[in-house]
Amino acid sequence: MSPEIDTRPQVETQTLEVNLGPQHPSTHGVFRMVATLDGETVIRLKPVMGYMHRNHEKIAEGLTYIGCFPYTDRLDYFCAMTNNLALAVAIERLAGIQVSERGEYIRVIMAELTRLVNHTAVTGFLLNDMGAFGTPLLYAFREREKILDLFEAASGSRMMCNYVRPGGVREDLPAGWVERAWEIVRAYPKFLDEFETLLTKNDIILQRTQQVGKLPQPLAVSAGITGPMLRASGVNYDIRKVDGYSVYPRVQFKVPLGTVGDVYDRYLIRILEMRESLKILEQALQALPTTSPSISPKGAAMGKAPRTFRPPKGHAYGRIEAPKGELGFFLVSDGSPQPYRYRIRPPSFINLTVLEDMCLGQKVADVIVILGSIDIVLCEVDR
Amino acid sequence: MARRLVGFHVLRGMGVTLKTFCETYPWGRAVLRVLRIPSTNGLVTIEYPEVKQQHSERFRYFPFLVYDGTPDDLRCVACKICEQECPPQCIHIVMEKDAQGRPVKVHGRTLPAQFDIDMSICMSCRICVDVCPFDAIEMDNAYELSASDRFEHMLFDKQRLLKSNEYFQQIKPTEASEVDQRLAAKQKKTAAPAQAQPASAAPSSPPAAPPGAGPAAPPTGRTPGPQPTGPPRAPQSPPPGA
């Protein structure tokens with residue numbers, strides 16, 4: 001026996017490939033992650049998507065511009081109002097439609113209420129992913145329910161609102177709606193305080209989220225990440241401030257920024273954003289004009305006869321700061337009542353692209369938490 | 001130093017859950033009142049089949065057809081605008097025609113011979129209501145419609161879709177009164193030229209539109225030629241030119 005050969009007992013290890021999903025409650029829909037594990041550490045992660053593909057972009061090419069609105073509700077079903085708003089902004093850019101003053105304020109109120117709904121729900125789901133089954137999620141859903149009732153009172157539907165139209169909103173607010181909105185805006189900080197008492201300094205949450213799933217700033221910028229995820233990495237980029245669309249330049253609010261870019265920062269950014277949203281809501285409800293109509297005449301005419309609306313040839317890109325990030329619609333018009341090309345820039349899909357970078361070197365249990373912190377809705381990812 | 005204590009904030013969080021637990025029961029609320037802890041007023045579970053949730057007036061589910069008075073006197077004129085605009089294409093309309101293929105008119109209005117909505121496709125978007133120039137289609141709020149068979153039970157025909165204006169006023173008083181006012185104003189407008197020519201009796205009048213106009217041409221009477229793209233503006237029941 002030659003002395004060069006190592007005779008110590010060798011443990012032969014292999015990597016293990018684990019399929020998480022597609023039918024798995026932690027993936028927030030039908031989404032599959034093929035994780036390659038070395039022990040418990042993730043060394044490779046391949047996201048597989050497309051199970052929820054509904055061909056929305058192609059269907060829209062055969063519809064009128066108004067006919068696309070109910071389909072946008074079904075993109076990100078938490079944020080129907082902001083989805084409507086993004087398409088309305090794109091159509092307004094395409095055809096040069098003016099928005100009525102009251103319509104602008106109602107839109108901002110609805111968009112910020114949607115942000116409350118989304119951030120509350122996603123925080124609840126994040127906790128659900130960490131193993132706090134039910135409790136925080138149900139607290140979040142209790143508050144969400146109150147806002148959904150407001151949506152129903154205004155638009156007729158809790159989730160599939162189909163409310164925002166080019167030029168304003170489809171119907172004016174019903175009597176007594178503003179008072180009900182004020183009640184929620186006044187009561188919400190108390191809920192947030194309670195929610196934060198439950199979560200923000202909780203030792204288990206700190207252990208599970210701090211330094212987990214870090215997203216470095218250069219990567220976040222180069223990957224095109226937007227929304228709370230980008231701001232958690234410390235990049236000051238909020239389209240409400242950058243573009244200054246609608247009445248956002250007229251209201252005072254701050255953009256919360258994170259420092260580390262881990263899961264905890266993403267949680268905290270969402271809580272802080274909700275507090276800023278409440279500030280916007282207070283100012284918008286205060287300033288809501290009572291005299292002007294809720295939709296401009298051109299928009300109203302378009303809603304009555306969608307087939308007569310033929311925008312001039314050209315293209316336009318309209319974007320807003322949706323709760324999940326930059327939601328944009330790119331429309332190409334050939335002068336016919338239907339869009340020639342209709343393309344969506346979904347924030348969920350683009351934010352999902354950095355999933356592997358965040359998960360490498362983490363434990364498999366953290367993958368679920370990291371995915372939850374991205375805040376995806378698969379209907380929007382696959383469209 | 002409490003901040004350093006491991007588990008202190010877990011316990012504080014449990015205090016929140018305990019408080020919420022107390023809020024769920026009448027005795028717990030009494031305890032909170034005694035301790036002067038402000039209640040955040042949680043939601044109460046609605047015990048569904050026995051108790052039903054109060055919907056807001058605008059709550060919409062599936063569309064229905066409105067008639068004034070008797071079911072024969074429906075507002076729909078089979079103009080097919082809703083059929084054309086429906087995003088998921090769930091409406092199917094056939095206009096009532098006589099043996100010669102000309103539209104049958106009752107009170108100067110054409111009628112749908114067939115009006116079907118496939119409720120398993122309908123996505124409750126309300127676009128049909130928005131585009132209807134006659135306020136003939138409205139959104140219902142009846143939601144207990146589950147059925148075991150898709151084609152037999154979820155394909156609503158005209159008879160099943162017809163509902164009276166009284167029903168509409170009952171479920172959506174604000175919207176129904178607005179619609180009634182609008183229709184009354186239109187009637188007034190159209191009544192003026194009709195009185196000027198009282199000789200033109202409505203039921204026996206021949207169809208105003210030429211045969212080539214197609215079913216999309218509404219019975220406006222004022223428009224001389226076929227206008228397939230433009231929506232009709234007002235339901236002028238007796239064609240004054242005839």
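**Exercise 1.** How many salt bridges are there between chain A and chain B?

*Solution.* First, some ground rules: this is a predicted model, where local features need pLDDT of at least 70, side-chain atom pairs count only at pLDDT 80 or more, and totals for chains, interfaces and linings use all residues. Residues are numbered from 1 along each chain as written, chains are lettered from A and ligands numbered from 1 in written order, and side-chain values use heavy atoms, leaving out hydrogens and water.

Next, get the term straight: a salt bridge puts a side-chain nitrogen of Lys or Arg within 4 Å of a carboxyl oxygen of Asp or Glu. Now try a pair: Arg165(A) and Asp130(B) form one, at 3.9 Å from N to O. The full count between the two chains is five.

**Exercise 2.** Find how many residues each chain brings to the contact.

*Solution.* Take contact as heavy atoms within 4.5 Å. Chain A then brings 41 residues and chain B brings 35 residues.

**Exercise 3.** Work out whether Ile37(B) is buried, partly exposed or exposed.

*Solution.* Start by locating Ile37(B): look in the loop between H2 and strand E1 (63-67) of chain B. Helices (H or I, at least four residues) and strands (E, at least two) are DSSP runs, numbered from the N terminus. Then recall the cut-offs: buried is under 20% relative accessible area, exposed is over 50%, and partly exposed is in between (1.4 Å probe, protein chains only). Ile37(B) has 33% relative accessibility, so it's partly exposed.
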